[in-house]
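Dear colleague,

I am passing on the structure below, together with some notes on what I found when I went through it. Please read the notes with the coordinates open beside them.

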Amino acid sequence: MPTNQPVIRARWPDRVFPNEDAKFDAVVTEVQRLQALGRPVLIGTRSVERSEKLSRRLTEASVEHQVLNARLHEQEAKIVAQAGQKGKVTIATNMAGRGTDISRRVR
């Protein structure tokens with residue numbers, strides 16, 4: 001069945017990296033590029049450990065970001081409320097933000 005709007009999604013080629021460090025280097029470079037354009041960035045990770053490792057890499061590269069990884073329960077609603085704003089970078093794990101009420105803005 002055809003879509004009611006033309007598809008604007010761009011299909012990029014797959015990228016393969018020799019190890020996790022090389023992949024994280026590429027992620028940091030891409031985040032810096034997108035942040036310079038003012039684009040919000042959401043990075044999904046599968047574990048708390050990987051989210052923290054990527055956070056360290058972004059910190060070393062002087063990239064301001066927030067980590068949503070189910071360890072800072074009391075700050076999750078504030079982080080979720082800010083995600084998606086111009087230039088904001090958020091790292092999130094699969095379990096992060098569960099139970100967070102996103103219908104109210106946190107100021």
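At what angle do helix 1 and helix 2 pack, and how far apart are their axes? Please bear in mind throughout that this is a predicted model. In it, helix 1 and helix 2 pack at an angle of about 55 degrees, and their axes are 10 Å apart. The two helices are therefore oblique to each other, and their crossing is right-handed. On the side of helix 1 the contact is made by Glu20, Asp21, Phe24, Asp25, Val27, Val28 and Val31, while helix 2 contributes Arg50, Lys53, Leu54, Arg57 and Leu58. Sorted by character, the residues of this contact comprise six nonpolar and six charged ones, with no polar residue among them.

To place these two helices in the whole, the chain has three helices and three strands, and along the sequence these elements follow the pattern α-β-α-β-α-β. The chain has 107 residues, of which 31% count as buried. Among the contacts with a separation of 6 or more, 64% are made by residues 24 or more positions apart.

The charged part of the contact between the helices deserves a closer look. The count of salt bridges comes to six, and I describe three of them here.

The side chains of glutamate 20 and arginine 50 form a salt bridge, with 2.5 Å from N to O. This pair links distant parts of the chain, since glutamate 20 belongs to helix 1 (residues 20-36) and arginine 50 to helix 2 (residues 48-60), with their positions 30 residues apart in sequence. Both partners are partly exposed, glutamate 20 having a relative accessible area of 24% and arginine 50 a relative accessibility of 41%.

Glutamate 20 also meets the side chain of lysine 53 in a salt bridge, here at 2.9 Å from N to O. Because lysine 53 lies in helix 2 and glutamate 20 in helix 1, this pair ties together parts that are 33 residues apart in sequence. Lysine 53, at 21% relative accessibility, counts as partly exposed.

Lysine 53 forms a salt bridge with aspartate 21 as well, and the closest N and O atoms of that pair are 3.1 Å apart. Here too the partners sit in helix 2 and helix 1 respectively, so the pair joins parts that are 32 residues apart in sequence. Aspartate 21 is partly exposed, with a relative accessible area of 39%. Through shared partners, salt bridges join Glu20, Asp21, Asp25, Arg50, Lys53 and Arg57 into one network, and each of these residues is also listed in the contact of helix 1 with helix 2.

Two serines may also be of interest to you. Serine 55 has its place in helix 2 and counts as buried, because its relative accessibility is 14% and the limit for buried is under 20%. Leaving out residues up to four places away in sequence, serine 55 touches His65, Val67 and Ile91. Serine 62, by contrast, is exposed, with a relative accessible area of 67%, and lies in the loop between helix 2 and strand 2 (66-68). The phi angle of serine 62 is near 60 degrees, which is a positive value in a residue other than glycine.

What does arginine 39 contact, once its neighbours within four places in sequence are left aside? Its contacts are then with Leu34, Gly87 and Lys88. Arginine 39 is found in the loop between helix 1 and strand 1 (41-45), and at 48% relative accessibility it counts as partly exposed. Arginine 39 and glycine 87 are 48 residues apart in sequence, yet their C-alpha atoms are 4.9 Å apart in space.

If you have time for one part of the model, I would suggest beginning with the contact of helix 1 with helix 2, and then following the network of salt bridges that includes Glu20 and Lys53.

With best wishes

Key. Residues are numbered from 1 along each chain as its sequence is written. This is a predicted model: local features need pLDDT of at least 70, side-chain atom pairs count only at pLDDT 80 or more; totals for chains, interfaces and linings use all residues. Side-chain values use heavy atoms; hydrogens and water are left out. A salt bridge is a side-chain nitrogen of Lys or Arg within 4 Å of a carboxyl oxygen of Asp or Glu. Helices (H or I, at least four residues) and strands (E, at least two) are DSSP runs, numbered from the N terminus. Buried means under 20% relative accessible area, exposed over 50%, partly exposed in between (1.4 Å probe, protein chains only). Axes are lines fitted to C-alpha atoms, for helices over the stretch in contact, and angles run from 0 to 180 degrees between N-to-C directions. Angles under 35 degrees count as roughly parallel, over 145 as roughly antiparallel, 65 to 115 as roughly perpendicular and the rest as oblique. A crossing is left-handed if the near helix is turned anticlockwise from the far one by less than a right angle, and right-handed if clockwise. Contact means heavy atoms within 4.5 Å. Ala, Val, Leu, Ile, Met, Phe, Trp, Tyr, Cys and Pro count as nonpolar, Asp, Glu, Lys and Arg as charged, and the others, Gly among them, as polar.
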